[in-house]
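Q: Please take a close look at one loop residue in this model, and then use it as a starting point for a connected account of its surroundings, the interior and the ligand site.

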Amino acid sequence: MKVGLRPNDDDSCGWYHILPAPAPTVPLTGEQRFDHVVLGAGFTGLAAARRLAEHLPEREVALVDAQRVGYGASGRNSGFIIDLPHNFSGADHAGALGRDRSEMRLNRFAIAALRDLVEKHGIDCQWSERGKYHAAVEDKGMRDLEGFRRALDRLGEPYRDLDAGGLSEALGTRYYREAIHTPGCVLVQPAALARGLGASLPENVRLFEDSPVVGIDYGDEITLECAQGTIRTKTLLLANNGFASAFGFERNRLIPIMTFGSLTPPLTEAEQAALGGEPDWGVIPADHFGTTLRYTRDRRLLIRNWITYAPEFRWSAQGLARIRRHHEDSFKARFPMLPEVAFGHTWGGVLTMSRNGAPCFGRLADNVFAAVCQNGVGLAKGTYSGTLLADLVVGAESDLLRDLLSYPRPARNVPQPFLGLGVRAKIAWDQMRAGRER
Ligand SMILES: Cc1cc2nc3c(=O)[nH]c(=O)nc-3n(C[C@H](O)[C@H](O)[C@H](O)COP(=O)(O)OP(=O)(O)OC[C@H]3O[C@@H](n4cnc5c(N)ncnc54)[C@H](O)[C@@H]3O)c2cc1C
């Protein structure tokens, strides 16, 4: 079967391009055979390959990606490794609270695992344990914030309330009316983290970058046809995000989305003084359709907003120029004290959602496993689900794995063209309602 839908990210991701160019790589060539192949070297695949290699030190594990490590969505995101559920269940019955707590356990397991690796391998990724602000400016955002506060109270999670004055002291900008700060989120330079994880894989992982899989044959042995070679395996682990649907799985259950980021060069000392506030911070919009903001340890400002339905997982150069103008408007509204600051980079990245917010995790066929569909928060989810997928493959049991296996499967979508029409209409409506949160 041909794999029609393949990664095609733009070449303008700021996080990636501010790093030194990576060393040259050798794509997969010739005929290769591995007991286990992990497809996709984002956070999910990096975690899966590492854990599998640790379980099976006497075997070689192949990790294959169409692009360089850090070039795909894992290097394009806003760099929040969240500890709290992104969407609380919203109810306070025991089942819902249990689900929220289980998600926090999984997220915190991922954060601890990443922290260990960053320390052990000295990964220079601006790791910053500063938590995150949930900020609101519109009435709807204020209501969303209230719901967030109630969820934190129910779970007994610590937080700090900030009014407009406290916020402008913390962030420099006077844009927001109110915020809640929670301490457990970690902020990173995502491309640097992904690259560091790729460079510190166990020796028995063979990493093949720039090796798009263009065809696949299933059987007792699976054959993956790459652009310049072939790879055969007994066990395939899909960690390739929404592209899994092109491999014949979860076709009518995943929702392909793109969202966009812009990053400035480092602020000059005079600009830093004009901004004021804390030395680095991250803001998540209380309304999910609002703007994510970062002020990084190397003094850059990031804007992330705008969401589109993107069934081909690609976006035109003109579309990107339009998004950049939206980002400029969002920037000017928040940082009038920085009139001379312009973005150095604007880029898009892919997300995969499901209607019920559920991940696709587990065994999909006798010799095919998957951890895809991280619903927009793949730093933590990708890390724990990749790790636990490797556990599942080798039969290692744990409470965390049992928790994850108990999650529902992604809900079935309505057929096309209704899916496209419905998702586009919902996004347009929610973005309009977000108002000045954008
Ligand atoms: C702008 C933006 C901001 C975001 N902000 C955050 C955030 O702050 N925090 C957070 O947790 N998440 C955030 N996300 C989401 C997060 O980036 C994703 O959830 C995460 O990258 C998913 O990781 P993954 O490893 O599952 O998939 P990916 O990172 O998409 O990795 C999948 C890999 O599979 C490869 N692949 C696919 N098909 C093939 C093929 N045919 N052959 C070979 N290789 C293939 C791709 O090249 C890719 O490298 C954001 C996303 C974007 C775009």
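A: In this predicted model, Ser200 has a relative accessible area of 13% and is therefore buried, since that value is under 20%. Ser200 belongs to the loop that runs between helix H6 and strand E8 (205–208), and, once neighbours within four places in sequence are set aside, its contacts are Arg50, His121 and Ile123.

The helix that precedes this loop, H6 (190–199), is one of the elements that give two or more residues to the largest nonpolar core. That core has 55 residues, and those with the most contacts inside it are Val38, Ile81, Trp127 and Leu193. Other elements that supply two or more residues to this core include H2, strand E2 (61–64), helix H3 (94–121) and strand E18 (368–372), while the largest share, seven residues, comes from H9. As a general matter, nonpolar side chains in soluble globular proteins tend to be buried together. Ile81 illustrates the packing within the model: not counting residues up to four places away in sequence, Ile81 touches Ile111, Leu114, Trp127, Cys185, Val186, Val188, Leu193, Leu379 and Ala380. A second core, separate from this one, has 36 residues, among them Leu39, Phe208, Ala244 and Val372.

Two of the elements named for the largest core, H2 and H9, also appear at the ligand, where helix H2 (43–55), strand E16 (345–353) and helix H9 (378–394) each supply at least two residues of the surrounding shell. Strand E16 gives the most to that shell, with three residues. In total, 34 residues surround the ligand, and the closest are Thr44, Asp65, Ser74, Phe80 and Asn241; by character, the shell divides into 15 nonpolar, 16 polar and three charged residues. Asp65 places a polar side-chain atom 2.6 Å from an oxygen atom of the ligand, whereas Val213 is represented by a polar backbone atom, 2.9 Å from a ligand nitrogen atom. A polar backbone atom of Val377 lies 3.5 Å from an oxygen atom of the ligand. Taken alone, the ligand exposes 1000 Å², of which the protein buries 97%.

Other loop residues can be set beside Ser200. Glu250, in the loop between strand E11 (229–238) and strand E12 (255–263), has a relative accessible area of 8% and so counts as buried, the limit being 20%. Apart from residues up to four places away in sequence, Glu250 touches Ser245, Cys360, Arg409 and Pro410.

Met337 lies in the loop between helix H8 (317–334) and E16, and its relative accessibility of 27% makes this residue partly exposed. Leaving aside neighbours within four places in sequence, Met337 is in contact with Gly172, Thr173, Ala274 and Leu275. The C-alpha atoms of Met337 and Gly172 are 9.2 Å apart in space, although 165 residues separate the two in sequence.

Gly156, finally, occupies the loop between helix H4 (139–155) and strand E5 (160–163); because its relative accessible area is 59%, which is over 50%, Gly156 is exposed. Gly156 and Arg206 are 50 residues apart in sequence, and their C-alpha atoms are 44 Å apart in space.

Technical notes: Residues are numbered from 1 along each chain as its sequence is written. This is a predicted model: local features need pLDDT of at least 70, side-chain atom pairs count only at pLDDT 80 or more; totals for chains, interfaces and linings use all residues. Side-chain values use heavy atoms; hydrogens and water are left out. A residue is near a molecule or strand if one of its heavy atoms lies within 4 Å of it. A polar contact is a pair of N or O atoms within 3.5 Å; within protein, one must be able to donate a hydrogen and the other to accept it, and residues adjacent in sequence count only if both atoms are side-chain atoms. Accessible areas come from the Shrake-Rupley method with a 1.4 Å probe; for residues, only the protein chains shown count as cover. Helices (H or I, at least four residues) and strands (E, at least two) are DSSP runs, numbered from the N terminus. Ala, Val, Leu, Ile, Met, Phe, Trp, Tyr, Cys and Pro count as nonpolar, Asp, Glu, Lys and Arg as charged, and the others, Gly among them, as polar. Buried means under 20% relative accessible area, exposed over 50%, partly exposed in between (1.4 Å probe, protein chains only). Contact means heavy atoms within 4.5 Å. A nonpolar core is a set of buried Ala, Val, Leu, Ile, Met, Phe, Trp, Tyr and Cys residues joined through side-chain atoms within 4.5 Å.
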